[in-house]
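Reader: I should like a close look at a single part of this model. Please take one helix together with the loop that follows, and describe their surroundings.

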Amino acid sequence: MPMLIDALIAALILAGAFFLLVGALGLAKLPDMMRRLHGPTKATTLGIGALLIASMIYFSVARGTFSIHELLITLFLFLTAPVSAHMLAKAHILRATQEREQLPPTGQPSGWATLDDRRSDGM
Amino acid sequence: MIAAAITIAGGAICLAILLTLYRLAVGPDATDRVLALDTLVIETIALIVLGGIAFGIAMYFEAALLFAMVGFVTTVAFCKFLLRGNVIE
């Protein structure tokens, strides 16, 4: 394997591991749940992204054929990370009763959708 | 050079998993624990991809893809349960 590609793969692996560590550090150290949500986002996008690009280059060079299917995982994670973060934020808003007074006004006639009681509408 | 990078990255990911396990144990709320589980899935995917490069086995990719899918469905199911008290209504 050429020296330059070797160094590129090693650098990408180290960058990915660094961002995973930063994400976990944020998850462990940040003071409250809404701030903690930000930590693992870096691990998901930058960390896994860099590791999968490293894997793509490695297998493309090692096999001599273009290997692109790692992009599937990146695409899947990029699509699903906002959805799961949104669900977690909704669950947090519902469960953190002592933080409800701090929620800003929605600027709409109705309040926060998560807190509205829709059971009476049959939903 | 790649072997050294893989060793360092493996150590860093194991440290990240330990920090995530700390958050999983400490909490304080259920949403924190669900977030920690979601992060654990991400770190496991990273370990699997790293193992694929280390052992030169391209088939590990399928395991990582399955883990990503199951992890997403798990997180959404946990959040749905916390929000509604039920997963499928």
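Author: The account below concerns helix H2 of chain B and the loop after it. The model is a predicted one, with an ipTM of 0.88 and a pTM of 0.87. For chain B the mean pLDDT is 90, and 100% of the residues reach 70 or more. Among the elements of this chain, helix H1 (residues 2-26) has the highest mean pLDDT, 93, and H3(B) the lowest, 90.

Within helix H2 of chain B lies B:Ile45. Its relative accessibility is 0%, so B:Ile45 counts as buried, the cut-off being under 20% relative accessible area. Leaving aside residues up to four places away in sequence, B:Ile45 touches B:Ala64, B:Phe67 and B:Ala68 in its own chain, and A:Ile48 and A:Ile73 in chain A. Between B:Ile45 and B:Phe61, 16 residues apart in sequence, the C-alpha to C-alpha distance is 9.0 Å.

The chain A contacts may be set beside a record. An unreviewed UniProt entry lists residues 6-28, 40-59 and 71-89 of chain A as "transmembrane region". In the model, the span 71-89 of chain A is 100% helix and 0% strand, with its end C-alpha atoms 27 Å apart.

The loop comes next. It runs between helix H2 (30-55) and helix H3 (60-84) of chain B, and B:Met59 is found there. B:Met59 is exposed because its relative accessible area is 63%, where exposed means over 50%. Together with B:Phe55, B:Ile57 and B:Tyr60, B:Met59 makes a nonpolar surface patch of about 430 Å². Thus B:Ile45 in the helix is buried, whereas B:Met59 in the loop is exposed.

Note on methods. Residues numbered from 1 in each chain as written. Chains lettered and ligands numbered in written order. Predicted model: local features only at pLDDT ≥ 70, side-chain atom pairs only at ≥ 80, totals over all residues. Heavy atoms only, no water. Patch = residues over 30% accessible without salt bridge, like charges linked within 9 Å, V, L, I, M, F, W, Y side chains within 5 Å. Areas by Shrake-Rupley, 256 points an atom, 1.4 Å probe, with all protein chains shown as cover. Salt bridge = Lys/Arg side-chain N within 4 Å of Asp/Glu carboxyl O. Helix = DSSP H or I, 4+ residues; strand = E, 2+ residues; numbered from the N terminus. Buried < 20%, exposed > 50% of the residue type's maximum accessible area, 1.4 Å probe, protein only. UniProt positions renumbered as here; feature names shortened; annotations may be inferred. pLDDT = per-residue confidence, 0-100. Contact = heavy atoms within 4.5 Å.
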